[in-house]
There are 2 protein chains.
Amino acid sequence: MPHIKLFSPGPIEVSEKTMRAFSRPMIGHRSKDFQALYADIHPKLQQVIYTQQPVFVSTSSAWGVMEGALRNLVSKKVLTCMSGAFSDKWFDVAKKNGKTAEPLQVDWGTAITAEMIEAKLSEGGYDAVTLIHNETSTGTLNPLKEIAAVVQKFPDVLLIVDCVSSFSAMKIPFDELGLDVMLAGTQKALALPAGAAVFTVSEKAYAKAATIKDRGYYFDFLEFRKNKENDMTPTTPSISHFYALQSKLEDIFAEGLEARYARHLENARITRQWAEKRGFELFPQKGYESITLTCCKNTKNVDLPKLNSLLKKKHSCVIDGGYGKIKGTSFRISTMGDESTENIVELLGWIDECLPEAGTVEPAK
Amino acid sequence: MPHIKLFSPGPIEVSEKTMRAFSRPMIGHRSKDFQALYADIHPKLQQVIYTQQPVFVSTSSAWGVMEGALRNLVSKKVLTCMSGAFSDKWFDVAKKNGKTAEPLQVDWGTAITAEMIEAKLSEGGYDAVTLIHNETSTGTLNPLKEIAAVVQKFPDVLLIVDCVSSFSAMKIPFDELGLDVMLAGTQKALALPAGAAVFTVSEKAYAKAATIKDRGYYFDFLEFRKNKENDMTPTTPSISHFYALQSKLEDIFAEGLEARYARHLENARITRQWAEKRGFELFPQKGYESITLTCCKNTKNVDLPKLNSLLKKKHSCVIDGGYGKIKGTSFRISTMGDESTENIVELLGWIDECLPEAGTVEPAK
């Protein structure tokens, strides 16, 4: 199978350097070698998350930790902020775990605001809020700083934030914002292979977890913390992901965090500008556009499968033809991970080249 | 870091061929390419498990599925068969999930017999039994066929079997034995990198799961089955493990299942014979020795850390110095995965060479 570069928002392209690290020989996960590996990456992870708390690598996709957070922290009622495929699903996952969940549903592409959350929390009875920072299905970035500030007004409420597609691409200061859980899959902005998730937890959240009896084992936050004291994990970890993370953290600090953030912002700016010039309206509400991917309305009815097959054939790459209920009526271009501004300009040129040949389809009803 | 070959029982040595497959470029997990990958490996997995049921790859270590099985299947009471570090822990994991669990505890190294299970189940009130087929901490192989037959006498009871360190090394005919859940981590007999687990589920178990309301999402057996209908997974999978599994299944069928089983048996026979000749008593009860690893009592008080540091230095390999409460008083040699009989003979020669220099320690009190 030829190597097709993924400009779809996760999994994304993984560099050869990362893959070399990823495929290093196994080591015992109860060995000093593993402890040294975890100890090496840990302070760098803390720097990227701006936290003094221990940081964990879960051998699961992000959904494991998203479910785990509910099991660890919710005994009364969780407010689930819903504005796209992934945040909508979090509500269902809460129900499947026997939790009482209250939806805060807005239209896909609309931002969740601090005011909306405050209004809901003021009703009382909540012990947690789930929020997807950057809703990958719609390319919408929610105002985390404002939301975190408002949740602080409710001392019994914990804020669980999925940063799957924003983590490491923009500054998310965990301790300063007073977040309670931050989690991210490895296959998006970190540009590692899929199969693991990074997360961290506040003191307040640990205290709450300690009161919950059936929080389980595999995603038990207290087990993760206890094992981390010895630079170990509760269960056999995906050692390969630890190696890949070590390599990626090297890259991140070689570039510099601020430069990394600026690069992501510039990639997004170029892509949005391109969309505007080509007559593609942006899907997200104005002012809340993601900085790691650009989601456009398919306002010109481009035949997206055709476009992708041309991109594949001519340039060995693909973008994304829309997710869930907006598949076909929207498309997404990922600009996250290792992509340079030059790469993005090149990609946009390729799309321009293929658009006429791709042609159009009948508009979706 | 130099490449140290692991003769400790999991993670074990991963071949270069497997690592090449493991580090192939990412593909979209909702793409036709992923569907084709899963569809390619699936019938081979079914053959290795001797089942007509769908087979799943969980992006988690085996513990995730071990916990998941309890959440999917236990509403009344689970009988946890306990005879070593991992099977003992399963009892705790049941409690942490809010399940009622009854211990069937025997001394480490003693086999769990069908009679013991029958006596317990006859008391009534159970809906499941957990069993570790091959208890990796003690090198003890439990008589699965006899146990499965006895559990069949109790139609309301489901048999959940962890085959982490026996899977693919010996014949475990899932359908014929009437097992309800079979699960295995990838880092043991399959010789893949750590970070994923393979499992399958019976019709009876699906029916039970459907009655359980708070079985969760990440390890929900019904979600796995529903997604498998389209050759997909409920959440972002570790795509790399699917590739590695594809490569390994090629190897397994190139060798032939029967030849693979025979090789594992021969490796075990040679290792047991070596232990006997050197005056090391086997840890497991006679007649119940594992065929993938040999656990010896450290009857000669060998300085095991010293032995391992010599093996590392002279031959770039390690064995295992005992697990949990029998660390130091036992040691384990893994002979599973890709190891040829020649490799094992060579390893045993290296141990012989290093033993005199390793010296002895004071016997543990």
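**Exercise 1. In this predicted model, determine the handedness with which H12(B) and H13(B) cross, and state which residues make the contact.**

Solution. Begin with the crossing itself, which for H12(B) and H13(B) is right-handed. Next take the geometry: the axes of helix H12 (residues 304-315) and helix H13 (residues 341-358) of chain B come within 9 Å and cross at roughly 130°. Since angles over 145 degrees count as roughly antiparallel and those from 65 to 115 as roughly perpendicular, with the rest oblique from 35 degrees upwards, this angle makes H12(B) oblique to H13(B). Then list the residues: H12(B) contributes Lys306(B), Leu307(B), Leu310(B), Leu311(B), Lys314(B) and His315(B), while H13(B) contributes Trp350(B), Cys354(B), Leu355(B), Glu357(B) and Ala358(B). Sorted by class, the residues of this contact are seven nonpolar, one polar and three charged.

**Exercise 2. Describe how H13(A) packs with H12(A) and with H11(A), giving the angle, the orientation and the handedness for each pair.**

Solution. For the pair with H12(A), the angle is about 130° and the axes are 9 Å apart, and H12(A) and H13(A) are therefore oblique to each other. H12(A) passes H13(A) in a right-handed crossing. On the side of H12(A), the contact involves Lys306(A), Leu307(A), Leu310(A), Leu311(A), Lys314(A) and His315(A), and on the side of H13(A) it involves Trp350(A), Cys354(A), Leu355(A), Glu357(A) and Ala358(A). Their classes are seven nonpolar, one polar and three charged.

For the pair with H11(A), the axes come within 9 Å and cross at roughly 20°. Angles under 35 degrees count as roughly parallel, and H11(A) and H13(A) are therefore roughly parallel to each other. Their crossing is right-handed. Here H11(A) uses Arg263(A), Glu266(A), Asn267(A), Ile270(A), Thr271(A) and Trp274(A), and H13(A) uses Thr341(A), Ile344(A), Val345(A) and Leu348(A). This contact has five nonpolar, three polar and two charged residues.

**Exercise 3. Work out how chain A is divided into domains and what makes up the contact between them.**

Solution. First, the assignment gives domain 1 as residues 5-11 together with 256-358, and domain 2 as residues 16-253. Second, the centres of the two domains of chain A, taken over C-alpha atoms, are separated by 26 Å. Third, 25 residues of domain 1 are in contact with 25 residues of domain 2 in chain A. On the side of domain 1 that touches domain 2, the elements that give two or more residues are helix H11 (257-278) and strand E11 (293-297) of chain A, and H11(A) gives the most, with four residues. Finally, the residues on this side of domain 1 of chain A comprise 13 nonpolar, eight polar and four charged.

**Exercise 4. Identify the operation that relates chain B to chain A, and characterise the side of chain B that touches chain A.**

Solution. Start with the superposition: a turn of 180° and a shift of 0.0 Å along the axis lay chain B on chain A with an RMSD of 0.0 Å. That is the relation of a two-fold axis. In chain B, the C-alpha nearest the axis belongs to Ser60(B), at 2.5 Å from it. The same surface serves both copies, since 100% of the contact residues of chain B recur in chain A.

Now turn to the composition of the contact, which takes 44 residues from chain B and 44 residues from chain A. Helices H1 (16-22), H3 (62-73), H4 (85-96) and H10 (239-255) of chain B each supply at least two residues of the side that touches chain A. By class, that side of chain B has 17 nonpolar, 20 polar and seven charged residues.

**Exercise 5. Locate the cis peptide bonds that end at Pro11(A) and Pro11(B), and the positive phi of Ser168(A).**

Solution. The general background is that most residues other than glycine have a negative phi, and most peptide bonds are trans. In chain A, the bond from Gly10(A) to Pro11(A) is cis, with omega near -10°, and Pro11(A) is found in the loop between strand E1 (5-6) and helix H1 (16-22). In chain B, a cis bond joins Gly10(B) and Pro11(B), with omega about -10°, and Pro11(B) is found in the loop between strand E1 (5-6) and H1 of chain B. As for Ser168(A), this residue is not a glycine, yet its phi is positive, at about 80°; Ser168(A) is placed in the loop between strand E8 (158-162) and helix H7 (174-177) of chain A.

Terms used: Residues are numbered from 1 along each chain as its sequence is written. Chains are lettered from A and ligands numbered from 1 in the order in which they are written. This is a predicted model: local features need pLDDT of at least 70, side-chain atom pairs count only at pLDDT 80 or more; totals for chains, interfaces and linings use all residues. Copies are superposed by least squares on the C-alpha atoms of residues with pLDDT of at least 70 in both. Two residues are in contact if their C-beta atoms, placed from the backbone, lie within 7 Å. Axes are lines fitted to C-alpha atoms, for helices over the stretch in contact, and angles run from 0 to 180 degrees between N-to-C directions. A crossing is left-handed if the near helix is turned anticlockwise from the far one by less than a right angle, and right-handed if clockwise. Ala, Val, Leu, Ile, Met, Phe, Trp, Tyr, Cys and Pro count as nonpolar, Asp, Glu, Lys and Arg as charged, and the others, Gly among them, as polar. Domain bounds come from an automatic or database domain assignment.
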